[in-house]
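Hi,

Here is the structure I said I would pass on. Have a look at it first, and then read my notes underneath.

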Amino acid sequence: MTLDGTHSLLSLASEVVHSLHTHYEQQHQTAVTAGDEDSEVDVVENLNDVELTLKELDPVYWKGLVDKRLESIGGFTSWTATELAHRAKLQTRITALLALGRIPKAFWVVPEAVKLWRKSRRAGGEDTKAMTEDAELDLLIFLSENRERAELFRPVYVD
């Protein structure tokens with residue numbers, strides 16, 4: 001896979017997991033509004049799992065989420081600007097993408113995100129673009145299914 005293809009896959013992975021995060025945030029708000037503590041606890045656990053995946057795939061987005069949440073209580077993430085810059089580098093994010101199976105809970109987060117993504121996309125039909133995207137989504141699921149698969153792929157950078 002070329003850098004362009006890998007970057008495209010990374011962008012798709014980020015979008016898919018972002019959409020799942022948004023979905024759970026909406027469920028959380030509904031549970032809070034309804035006063036349903038059991039549902040709220042379940043949704044918060046799901047949000048935490050999704051955020052573990054977001055932290056690796058899109059660290060800048062993750063830091064923004066956490067900082068916004070912590071701002072209300074006077075806290076902030078402990079990442080320095082240098083650490084954030086390192087985590088946000090395309091190479092670092094691609095390495096995390098190829099090692100999805102090592103991210104705790106990604107084995108359920110990614111398939112769930114893909115299922116939600118496909119469900120929302122179905123109205124678009126089955127053209128060549130959708131078929132290509134389906135293949136990429138299947139690859140994301142494959143990469144996330146277990147830790148051993150993280151050993152199958154390594155990024156190779158040529159200067």
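Below is what turned up, starting with the whole chain and then going down to single residues.

First, a caution: this is a predicted model. The mean pLDDT of the protein is 87, and 89% of its residues reach 70 or more. Looking element by element, helix α2 (residues 37-57) has the highest mean pLDDT, at 95, while helix α3 (residues 59-71) has the lowest, at 85.

**The overall picture**

You will see seven helices and zero strands, so to speak an α-α-α-α-α-α-α pattern when you read along the sequence. The protein has 159 residues, and 36% of them count as buried. If you take the contacts with a separation of 6 or more, 69% of them are between residues 24 or more positions apart. The accessible surface comes to about 9500 Å², and carbon and sulfur atoms account for 55% of that.

**A buried threonine**

Try clicking on Thr-53, which lies in helix α2. Thr-53 is buried, with a relative accessible area of 0%. What does Thr-53 touch, leaving out residues up to four places away in sequence? The list is Val-17, Leu-100, Ile-103, Pro-104, Ala-106, Val-109 and Val-110.

**Rings**

There is one aromatic pair in the structure. It is made by Tyr-24 and Trp-108, with ring centres 6.4 Å apart; the planes meet at 70°, and since over 60 degrees counts as edge-to-face, that is what this pair is. Tyr-24 belongs to helix α1 (residues 3-34) and Trp-108 to helix α6 (residues 106-121), so the pair ties together parts that are 84 residues apart in sequence. Tyr-24 is buried too, because its relative accessible area is 7% and the cut-off for buried is under 20%.

Another ring worth finding is that of Trp-62: the charged end of Lys-55 sits over it, 5.1 Å from the ring centre.

**Salt bridges**

The count of salt bridges comes to five. I will walk you through some of them.

One of them joins Lys-63 to Asp-67, where the closest N and O atoms are 2.5 Å apart. Both residues lie in helix α3, four residues apart, which is about one turn of the helix. Is Lys-63 buried or exposed? With a relative accessibility of 14%, Lys-63 counts as buried.

Next, go to Arg-118. This residue forms a salt bridge with Asp-134, with 3.0 Å between the closest N and O atoms. That pair links distant parts of the chain, as Asp-134 is in helix α7 (residues 128-144) and Arg-118 is in helix α6, 16 residues apart.

Arg-118 also meets the side chain of Asp-138 in a salt bridge, at 2.6 Å from N to O. Here again helix α7 holds the Asp and helix α6 the Arg, so the Asp-138 and Arg-118 pair ties together parts that are 20 residues apart in sequence. Through shared partners, the salt bridges join Arg-118, Asp-134 and Asp-138 into one network.

How accessible are the members of that network? Arg-118 is buried, with a relative accessible area of 17%, and Asp-134 is buried at 14%. Asp-138, on the other hand, counts as partly exposed, at 42% relative accessibility.

Cheers

Note on methods:
Residues numbered from 1 in each chain as written. Predicted model: local features only at pLDDT ≥ 70, side-chain atom pairs only at ≥ 80, totals over all residues. Heavy atoms only, no water. Phe/Tyr/Trp six-rings, centres within 6.5 Å; stacked < 30°, edge-to-face > 60°. Helix = DSSP H or I, 4+ residues; strand = E, 2+ residues; numbered from the N terminus. Buried < 20%, exposed > 50% of the residue type's maximum accessible area, 1.4 Å probe, protein only. Lys NZ or Arg CZ within 6 Å of the ring centre and 35° of its normal. Contact = heavy atoms within 4.5 Å. Areas by Shrake-Rupley, 256 points an atom, 1.4 Å probe, with all protein chains shown as cover. pLDDT = per-residue confidence, 0-100. Salt bridge = Lys/Arg side-chain N within 4 Å of Asp/Glu carboxyl O.
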